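Me: I've got a model here that I'd like to talk through. Mind if I throw some questions at you?

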Amino acid sequence: MAAPNIVNVTTITGITTWKANVGNAAAIHTLVSNASSSNKVIKINNITATGIGETCEITTKIFDQAAGAGSSVSIGTTLSVPVYSSLVVVSKENSFYLAENQSVGVFKTNANGQLDVTCSYEEIS
């Protein structure tokens, strides 16, 4: 379980993923998962949440297990996303790395509205 040396990489692949209609309060939706034997490090460049229907709240966390489980640390907690608006949770200015066997997940923290969440990241190996 060793992350690659990011100074001497062989491949950097840019990827964008999303979760649409995040509507269940407190249900974790894994955006990006780095498997325990991937031999990769993942750089999270952007996470953007868009509020649909009503103003709602989002919490974003890093988990110490690739499945969006285990212990976690918050990146943003109960952030308000106004109706028909977007909120940048992570940007190039506060990007971070996921080591092997880590994941980043989001969940709604209230019953109002729904969220669409996009995430752009780089797989580095």
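Reply: Sure. One term before we start: contact, or touching, means heavy atoms within 4.5 Å. Also keep in mind that this is a predicted model.

Me: Which residues does E54 touch, leaving out those up to four places away in sequence?

Reply: E54 sits in the loop between β3 (41–52) and β4 (56–65). Its C-alpha atom is 7.1 Å from that of P82, although the two are 28 residues apart along the chain. With sequence neighbours up to four places away set aside, the residues in contact with E54 are V81, V83, N112 and G113.

Me: And is E54 buried, partly exposed or exposed?

Reply: Buried needs under 20% relative accessible area and exposed needs over 50%. E54 has 43%, so the label is partly exposed.

Me: How many disulfides does the structure hold?

Reply: A disulfide calls for two cysteine sulfur atoms within 2.5 Å. For C56, the closest cysteine sulfur is the one in C119, and at 18 Å that is too far for a bond. Looking from C119, the closest is C56, again at 18 Å and too far. The disulfide count is therefore zero.

Me: What are the relative accessibilities of C56 and C119?

Reply: The cut-off for buried is under 20%. Both cysteines get that label: C56 is buried at 0%, and C119 is buried at 1%.

Me: Which side chains meet in a salt bridge, and what is the N to O distance?

Reply: The structure holds one salt bridge. The side chains involved are those of E123 and K40, with an N to O distance of 3.0 Å.

Me: How many residues apart are the two partners, E123 and K40?

Reply: E123 belongs to strand β9 (residues 114–124), while K40 lies in the loop between β2 (29–34) and β3. K40 is partly exposed, at 26% relative accessibility. The pair links distant parts of the chain, with a separation of 83 residues.

Me: In the largest nonpolar core, which residues touch the most other members?

Reply: That core has 21 residues. At least two of them come from each of β2, β3, β4, β6 (86–90), β7 (96–98), β8 (102–108) and β9. The residues touching the most other members are V32, I44, I47 and V117.

Me: Let's take I47: what does it touch, not counting residues up to four places away in sequence?

Reply: I47 is one of the core residues that touch the most other members. Outside that sequence window, the contacts of I47 are L31, T60, L87, V88, V89, V90, V104, V117, T118 and C119.

Terms used
Residues numbered from 1 in each chain as written. Predicted model: local features only at pLDDT ≥ 70, side-chain atom pairs only at ≥ 80, totals over all residues. Heavy atoms only, no water. Buried < 20%, exposed > 50% of the residue type's maximum accessible area, 1.4 Å probe, protein only. Helix = DSSP H or I, 4+ residues; strand = E, 2+ residues; numbered from the N terminus. Salt bridge = Lys/Arg side-chain N within 4 Å of Asp/Glu carboxyl O. Core = buried A, V, L, I, M, F, W, Y, C linked by side-chain atoms within 4.5 Å.
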